[in-house]
Amino acid sequence: MIEVTLPGGEKIPAYGQGTWHMGENNRYAEEEEASLRLGIELGLTLIDTAEMYGNGVAEEIVARAAGKNRDKLFIVSKVLPYNASRKGAIEACERSLKRLKTDRIDLYLLHWRGSHPFAETLAAFDTLKRDGKIRHHGVSNFGLDDMKEWVGLGGGETVATNQILYNLTRRGPEYDLIPWCRQRGIPIMAYSPIEQGRMLGHKALAEIGVRHNATPAQVALAWLLHQDGMIVIPKARQLDHVRENRKAPDVTLTEDDLAALDRAFKPPNRRTPLGML
Ligand SMILES: NC(=O)c1ccc[n+]([C@@H]2O[C@H](COP(=O)([O-])OP(=O)(O)OC[C@H]3O[C@@H](n4cnc5c(N)ncnc54)[C@H](OP(=O)(O)O)[C@@H]3O)[C@@H](O)[C@H]2O)c1
C-alpha cells in the first residue's frame, strides 16, 4: 500500500476508508462492518472515524470490523469542537477509546474550529499523547490562518495532518493551503474524495477512464493518490465500491490525462475560503 511520511518520520498508509454516515441506521450496521472488514483484508488499513459519526456508533462498528486486526490498523478519530476544552477533549477521547475497544487512537483530530482556545485543545492532546492514549494529533477543516495559528503554538508544530474537503471539484486549497502544508511536510487528508459521488457523471472522468479501463471513481481517486503527501479516505458501504476503490492506486494517470483534468476541473487562480461538508 502507498504511504506518506508524517513530520516525525513515521510512515503511515496514504489510502484508507471513511466512515461518515455509518452507524446512523441500525439496518445497515452489518453491511457497514462487512465493508470495512473487506477493506482491511484488501489492505485499506487506515480508518477515519469520529465521535460525531452515528453519535459514536461508527466507532463501535470500526471496533467490530477491526476484531483481532487492531494492531494492523491506523485509526483516526476526531473530537467535536464543543468537547475540545482541556478537560473535555480528554474525556471525549476516553469515550472514543471505549467504543473503539482499543487503548490508543493513532491520530486524533480537532474536527473543526470551535470556541475553545486552541491552546487548551493542544494541551489536552499533549496530555493524551503523554499518557499513550493518542499517538499523533492533527486538525480538520483548518484554513491557512487557522493552520498558522495552531503551528505557532508550542507543540502545535507536531501537527500530523489537516483533514480537508479536497477533490477535483474542490481545488481551492491548491492555491495556498496545500503548498504551505507541503513545505512543512504536513500531509493533507482529502475527505469526500469523490464529492460523495456527485462528480462521477463528469464526462472527463469517463473519457480518461476508457483509456485506462478504469471507472470515473478510480480516476478521481487516482488523481488525488498521485499527489505527494496526500492521504485519501473514500467511504463505501457497498462491497463492490470497496473493491473498485481498492484498485484506484493501480491507475497511473499520464501528463495528458492530468492536463485534460485541469481543463475540465480548473485549478484555482485566487485564494478562496475552505469548503466544508
Ligand atoms: N473532517 C470532516 O469534516 C469530514 C467531512 C466529510 C467527510 N469526512 C471523512 O471522509 C470520508 C469520505 O468522505 P464522504 O463519506 O463524505 O464522501 P466520499 O467518500 O467522497 O463518497 C462516499 C459516497 O460515495 C459512494 N461511493 C463510494 N465509492 C464509490 C464508487 N466506487 N462508485 C460510486 N459511488 C461510490 C458511497 O456509496 P456507498 O456507501 O453506498 O458504497 C457514498 O455514498 C468520510 O466518510 C469521513 O470519514 C470528514
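## Asp106 and Arg135

Asp106 is buried, with a relative accessible area of 3%. In this predicted model, the side chain of Asp106 meets that of Arg135 in a salt bridge, at 2.8 Å from N to O. Asp106 belongs to strand 6 (residues 105–110) and Arg135 to strand 7 (residues 134–140), so the pair ties together parts that are 29 residues apart in sequence. Arg135, unlike its buried partner, is partly exposed, because its relative accessible area is 33%.

The two residues also take part in a wider arrangement: Glu10, Arg70, Asp106 and Arg135 are linked in a network of salt bridges. The count of salt bridges in the model comes to 24.

## Arg237 and Glu31

Another of these pairs is formed by Arg237 and Glu31, whose side chains meet in a salt bridge at 3.2 Å, N to O. Arg237 lies in the loop between strand 10 (230–232) and helix 9 (239–246), while Glu31 lies in helix 1 (residues 29–41), so the salt bridge ties together parts that are 206 residues apart in sequence.

Both partners fall in the intermediate class of accessibility, from 20% to 50%. Arg237 counts as partly exposed because its relative accessibility is 23%. Glu31 is likewise partly exposed, at 38% relative accessibility.

## Asp176 and Arg271

The side chains of Asp176 and Arg271 form a salt bridge with an N to O distance of 2.9 Å. This pair links distant parts of the chain, 95 residues apart. Asp176 is placed in the loop between strand 8 (162–165) and helix 6 (177–183), and Arg271 in the segment after helix 10 (255–264).

Is each partner buried or partly exposed? Asp176 has 17% relative accessibility and therefore counts as buried, since the limit for that class is under 20%. Arg271, at 45% relative accessibility, counts as partly exposed.

## Thr127 in helix 4

Thr127 is found in helix 4, which spans residues 118–130. Thr127 counts as buried because its relative accessibility is 12%. Leaving aside residues up to four places away in sequence, Thr127 touches Arg86 and Ile90.

## Summary of the pairs

In the Asp106 and Arg135 pair, the acidic residue is buried and the arginine is partly exposed. The pair of Asp176 and Arg271 likewise joins a buried residue to a partly exposed one. In the pair of Arg237 and Glu31, Arg237 is partly exposed, and so is Glu31.

Note on methods:
Residues numbered from 1 in each chain as written. Predicted model: local features only at pLDDT ≥ 70, side-chain atom pairs only at ≥ 80, totals over all residues. Heavy atoms only, no water. Helix = DSSP H or I, 4+ residues; strand = E, 2+ residues; numbered from the N terminus. Buried < 20%, exposed > 50% of the residue type's maximum accessible area, 1.4 Å probe, protein only. Contact = heavy atoms within 4.5 Å. Salt bridge = Lys/Arg side-chain N within 4 Å of Asp/Glu carboxyl O.
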